Every structure is written in C-alpha cells, then in structure tokens.
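Grab a pencil and work through these exercises with the model open beside you. Each task comes with a stepwise solution.

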Amino acid sequence: MNKELSLSSAEMRQLGYQVIDIIIDHFDSLPDKPVLNIGSPESLRAQFDQALPEQPGDVDSVLSLVRDQILKNISHGDHPRFFAFIPGPSNFVGAMADALAAGFNVCASNWLEASGPAEIERICIRWLCDLCALPPESGGTFLSGGSMANLTAIAVARHIKLGQADSSSQVYYADQAHMSISRGLRVLGFASHQMTRISTNNSFRMDTDLLRTRIEQDKKEGQLPFCVIATAGTTNTGAVDNLAVIAEICQANNMWLHVDGAFGAGAILSVKGQQQLKGIELADSITIDPHKWLFQPIETGCLLVRDQRNLRQTFDESPEYLSDVDAADEEINFYQHTVQLTRQTRALKLWMSLHVFGAQAFREAIDSGFANAEYIENRISGMTDWEIVTRANLGIVTFRHAPADYSATELNELNQSISDRLSETNLAFVATTILKGVKTLRMCPINPRTTRSDIDNTLAQLDRIASDITGHLS
Ligand SMILES: Cc1ncc(COP(=O)(O)O)c(C=O)c1O
C-alpha cells in the first residue's frame with residue numbers, strides 16, 4: 001500500500017505532462033468544440049455512483065475517465081461563442097499559476113507561512129485600489145468570487161457603522177442588484193423588512209430620488225439606514241448606477257456605500273471603462289471579480305475597502321494557537337482580514353498573467369468586449385423584425401425578435417424558443433433574461449478570443465431560427 005500517497009518523480013512527470021497536454025488541447029480546440037455539454041443525471045450516475053475505491057487504480061485509466069467523461073460533461077464558459085451570463089474567458093498563464101499554487105499547497109493565510117504570496121496579494125490589491133482611485137489607506141482581500149465579496153462587504157459595513165446587528169438597521173439596493181446581495185443579507189441575519197429594493201428607471205439604474213425619499217422616510221419612522229449597495233455593471237444590462245449621486249446621499253446620511261462591480265469594475269483598466277465607472281472612487285467598498293472581466297480562472301474574486309483597517313477591525317481574532325504568527329508592522333496576515341483562515345493564493349494568477357501579458361494587453365482585451373457589444377448592437381439594429389431592448393452597455397447588449405403581429409405573451413415565448421433552439425444547434429449559447437416583464441435575449445461578448453465571424457455566425461443562426469419558427473407559426 002502506498003501510505004505516503006506519493007508517486008515517483010517519473011510517475012509525477014508523466015502525469016503532469018499528460019495533464020498539461022490535456023489543458024493545452026482544450027485551449028487549442030475550444031472554438032471547434034460544442035459550447036454546451038450537459039450530461040443526463042441517469043447516465044452520469046450510472047457511470048460514477050460507485051463504492052469508495054479501496055484499492056489503487058491505474059493512473060492512466062483515471063486520467064482518461066477525467067478527460068473523456070468528467071471534463072466532457074462541462075459547458076464552456078471560456079468558449080468564444082458562450083455569450084450567456086457573465087462568461088469566464090480565463091487565460092492559460094492564470095491556470096498555470098493555479099497549478100503552482102496547488103502544487104506548493106500555498107497557505108496564503110499569514111506572513112509566516114506565505115510572505116511571498118502575501119506581498120503579491122498586497123501589490124495586486126494596491127494596483128486595483130489605485131485603478132479605482134481609492135486613497136492610499138485603502139486595501140482589500142482576495143476571495144472566491146463576487147458573492148463572497150458582497151457578503152463580506154455587508155459584514156464590514158455593519159460592523160463599522162453599527163458595531164452589531166440591530167433589527168432597525170436598513171440596507172438599500174436596486175431591483176437590478178445581483179441576487180448575491182439579498183442572499184448575503186439573509187445569511188448575515190437581516191430580515192426582509194430590513195432590505196429595501198429601490199426601483200430602477202428606464203435605463204435600469206437605481207432611481208436616486210426614490211432612494212433619497214425612502215431613507216428620509218425610514219429615518220422619520222425611527223429606522224437606522226446604514227448602507228446602500230449600488231451596482232457598477234448589472235448582470236442583466238450592464239447598467240451602472242449613478243454612483244456620484246448615491247455617494248452624496250450616503251455622505252449626507254452617514255451611510256456606507258458598497259459598489260458591486262463584480263462584473264463591471266474590471267473594466268476600470270481601460271479608458272472607456274474608467275469613463276463609464278465614474279464615481280466608483282467614492283465607494284467605501286468595491287467588489288471586483290478578476291474571474292470575470294480580468295480573465296482569470298474561477299475562483300478569483302476581490303473586495304476592496306476604502307480603509308484597510310476596517311477589514312481587520314471586523315474579522316480579527318487572536319487565538320493562543322496563532323500567537324506565533326503575529327505580524328510585525330509591514331507584514332500582513334490576510335486571515336485577519338477575512339472569514340477564511342486557510343486560504344489559497346488567488347492573487348498569484350492575476351499577478352502572473354499581468355506580468356506575462358502586460359496591462360496594455362488587458363486593456364485591449366477589455367476594449368474588445370466593448371467593441372463586440374457595440375458591433376452586435378449595430379448588426380441587430382439592421383436586421384428585419386429584431387429590436388434592441390438595451391443598447392451596448394459595459395459589454396452587454398439585450399435584444400429580441402419582435403414581429404409586429406405577435407402579442408406580448410407570444411413574443412416572450414418566441415424569444416425563449418429562439419434561445420432554446422440555438423442551444424440545440426450548439427453553435428453558441430445566448431441565454432434569456434426578463435427586463436420589466438419582457439423576455440429578451442442577452443449577449444455578453446467579453447471573451448477577447450471571440451471573433452467577428454463568431455458573432456456573425458451566431459446572429460445569422462439566430463435569424464434563421466427566428467424565421468423558421470415564425471414561418472411555422474404564421
Ligand atoms: C453584478 C454581480 N454581482 C455579483 C455576482 C456574483 O459573483 P460570483 O458568481 O463570482 O459569486 C455576479 C455574477 O455574475 C454579478 O454579475
């Protein structure tokens with residue numbers, strides 16, 4: 001028995017090279033692969049529902065199973081024609097950084113265990129804070145993704161503004177905010193009467209007059225408004241709330257402003273993004289997900305805070321068994337800044353890929369997302385019986401097929417069918433969303449490896465499917 005759980009150097013090399021080959025083949029063949037691969041529960045269960053394997057297996061057979069069965073059953077968010085949700089285009093250098101982090105089993109918890117990775121995390125956070133024009137005392141921490149960053153931000157906001165849970169405390173966010181906000185609030189013990197959703201205007205941005213009125217009203221009624229959560233790049237339409245006005249409301253009422261830029265804030269690297277994200281510098285905290293528009297492998301999320309000390313004040317505990325890792329002045333123990341004690345070095349992938357490709361390449365990659373969305377908007381505008389629902393906004397465009405003789409309900413069904421039929425062809429994935437009751441198709445073409453012909457072929461296919469369906473119906 002191999003109770004050391006080890007392989008010989010030769011065996012490790014063989015396995016490692018095979019793994020690398022599989023990953024490189026994946027990158028090389030991605031544009032020609034089907035976008036969606038959804039196994040049936042019956043077939044997957046039949047294959048994998050086995051007893052705990054007591055005996056050693058053959059490494060080649062295990063790897064073949066992983067390549068041919070497990071990884072065959074994944075849809076590709078990094079595919080150039082995956083336009084749904086927020087795609088995760090990723091990059092090979094980031095993936096290799098993850099391999100190194102796992103290989104060295106880096107514990108980016110404290111300075112004693114991982115001073116190098118802690119310094120890399122500090123500098124990546126510094127870059128992101130500087131890009132968002134936060135002050136020198138700002139800081140942050142890497143997390144698994146936007147949901148955890150939003151939850152962490154709310155915990156910090158409550159701790160700093162209120163000290164503890166208070167049943168009269170109130171949080172405000174728009175009806176277009178990401179679901180992770182409501183979920184985070186619930187997890188943190190907020191009741192539904194403490195969460196106020198503010199309606200959005202025709203541009204799907206928070207109605208700031210309503211926000212102001214609601215806060216005043218709540219204060220008069222003895223409630224304790226303490227936090228507004230704005231979105232910089234909504235998941236539905238890419239809308240950016242009016243951050244400057246919301247910041248002014250927060251300042252006037254001594255409230256915390258959290259900006260959920262999980263999707264949109266990455267665009268701050270590009271000039272166009274900076275223009276669209278004006279006001280982000282006024283936030284008390286910002287969620288930014290490098291695993292979205294900064295092209296990193298999943299899970300790479302990040303929370304930035306205006307004052308780094310706020311994180312430590314919220315999360316620091318000093319148990320006796322960690323007294324030996326107490327950090328000196330210039331050292332950082334990231335475990336004191338988050339809920340997580342044992343944590344991976346997520347910053348390494350961002351740091352490595354920025355160094356290998358250079359920030360200018362990232363800027364151009366982000367700009368290609370803006371340009372793709374604008375191109376789609378232009379193309380759709382010229383197509384018969386298609387209409388733009390929301391214009392290209394921070395890399396997202398929504399539209400629908402809208403022949404004049406269809407009722408509102410029929411149009412909703414029609415657009416759902418178009419999306420479903422496109423998925424059946426497996427050429428591309430364009431999912432739907434609902435905007436003020438209207439079912440729309442939605443594209444988020446931020447993958448820098450998406451080509452114009454990827455877009456042209458997808459739109460042509462959508463149009464063919466639409467004519468096909470309406471032809472049948474008429
Ligand atoms: C605006 C916004 N906030 C938060 C999230 C949640 O991020 P994650 O999926 O990384 O938890 C998303 C995900 O798409 C998002 O678009």
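**Exercise 1: the ligand shell**

Find the residues around the ligand and sort them by class.

Step 1: 14 residues surround the ligand (C-beta atom, placed from the backbone, within 6 Å of it), and the closest are G145, G146, S147, H178 and A262. Numbering starts from 1 along each chain as its sequence is written. Keep in mind that this is a predicted model: local features need pLDDT of at least 70, side-chain atom pairs count only at pLDDT 80 or more, and totals for chains, interfaces and linings use all residues.

Step 2: Helix α6 (residues 146-161) supplies the largest share of the shell, three residues. Helices here are DSSP runs of H or I with at least four residues, strands are E runs with at least two, and both are numbered from the N terminus.

Step 3: By class, the shell holds three nonpolar, nine polar (Gly counts as polar) and two charged residues.

**Exercise 2: strand β1**

Is strand β1 buried or exposed?

Step 1: β1 (residues 139-143) has five of its five residues buried (20 or more other C-beta atoms, placed from the backbone, within 10 Å of the residue's own).

Step 2: G139, T141 and L143 point one way, while G140 and F142 point the other way. In general, side chains in a regular strand alternate between the two faces of the sheet.

Step 3: β1 runs antiparallel to strand β7 (residues 301-305), joined by five bridges. F142 has C302 as its bridge partner in β7.

Key. A residue is buried if 20 or more other C-beta atoms lie within 10 Å of its own, exposed if 12 or fewer, and partly exposed in between; C-beta atoms are placed from the backbone. Two strands pair if DSSP finds at least two bridges between them.
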